[in-house]
Amino acid sequence: LITKYNKKKNITVIPCCVENSVFVSKPLYNKGDKVKFVYVGGLSKWQKFEYILKVYSEISEKMNTSLTIITNEVTKAEGIIKMKGINAEVFQMEHKYISQELTKYDFGFLFRENILLNNVASPVKYLEYISNGVIPIISENIGDYSKLTVNNEIGIIETSDINHLIANIEGIKYDKNIQYRLFNTAKKFTWENYIAKVF
């Protein structure tokens, strides 16, 4: 930006942010407890919805789970889920209510293809998840968020090794400090905090 436009100008880059971050008090996970998964978003090919269903199906064969889909494409989602033989709740919700709804879930899916578009992306969904106590299961190379997930130990990088993925899910759910880390990471990306820090 400096090279192309004006070396003398002050340039501030502000990421996608969220309104606030809440600390969600959740009971510690015990082996055998139901683990609640959620997906929020559309069904476009680049959002890898059918692949998410495949991964979830494999997880659900080995764990006690539930899946909730929040999308504006309810009829289409229900058709795909029925075709795949997956048991999931599907509904539409006004965006202003999604944050409160998300506090009910444990893990949220965010998968993308490893292409340039996604490598420089800043999906708001990621911060919506972590700011409401949802542990992200995220693809590699999604903007800076995949590194943020690893460096802050707040989520799981998706892997094709389902046993390894399940082990990571069970491990992080046992972590009594995970909700603190989610809250502390997300609050750095609230509009109020970020703009105050920059200006």
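Here's a quick look at how helix α1 packs against two other helices, α2 and α7. Keep in mind that this is a predicted model. Two packed helices are described by the angle between their axes and the distance between the axes, so those numbers come up for each pair.

**α1 with α2**

- Helix α1 covers residues 49-60 and helix α2 covers residues 74-84; they pack at an angle of about 40°, and their axes are 11 Å apart.
- Angles from 65 to 115 degrees count as roughly perpendicular and those under 35 as roughly parallel, so α1 and α2 end up oblique to each other.
- The crossing of α1 past α2 is right-handed.
- On the α1 side, the contact uses F49, E50 and L53, while α2 brings in A77, I80, I81 and K84.
- Sort those contact residues by class and you get five nonpolar, two charged and no polar.

**α1 with α7**

- Here the axes come within 10 Å and cross at roughly 75°.
- That angle falls between 65 and 115 degrees, so α1 and α7 are roughly perpendicular to each other.
- V55, E58 and I59 of α1 meet I162, L165, I166 and I169 of α7.
- This contact has six nonpolar residues, one charged and no polar.

**A closer look at α7**

- Helix α7 has twelve residues (162-173), so at 1.5 Å a residue it should span 16 Å, and its end C-alpha atoms are indeed 16 Å apart.
- Its buried residues are I162, L165, I166, I169, E170, I172 and K173.
- What covers them includes the helices α1 and α8 (178-186), along with the strands β1 (35-40), β4 (107-110), β5 (135-138) and β6 (156-157).

Note on methods. Residues numbered from 1 in each chain as written. Predicted model: local features only at pLDDT ≥ 70, side-chain atom pairs only at ≥ 80, totals over all residues. Heavy atoms only, no water. Axes fitted to C-alpha atoms, helices over the stretch in contact; angles between N-to-C directions. Helix = DSSP H or I, 4+ residues; strand = E, 2+ residues; numbered from the N terminus. Parallel < 35°, antiparallel > 145°, perpendicular 65-115°, else oblique. Left-handed = near helix turned anticlockwise from the far one by under 90°. Contact = heavy atoms within 4.5 Å. Nonpolar A, V, L, I, M, F, W, Y, C, P; charged D, E, K, R; others polar. Expected span 1.5 Å × (residues − 1). Buried < 20%, exposed > 50% of the residue type's maximum accessible area, 1.4 Å probe, protein only.
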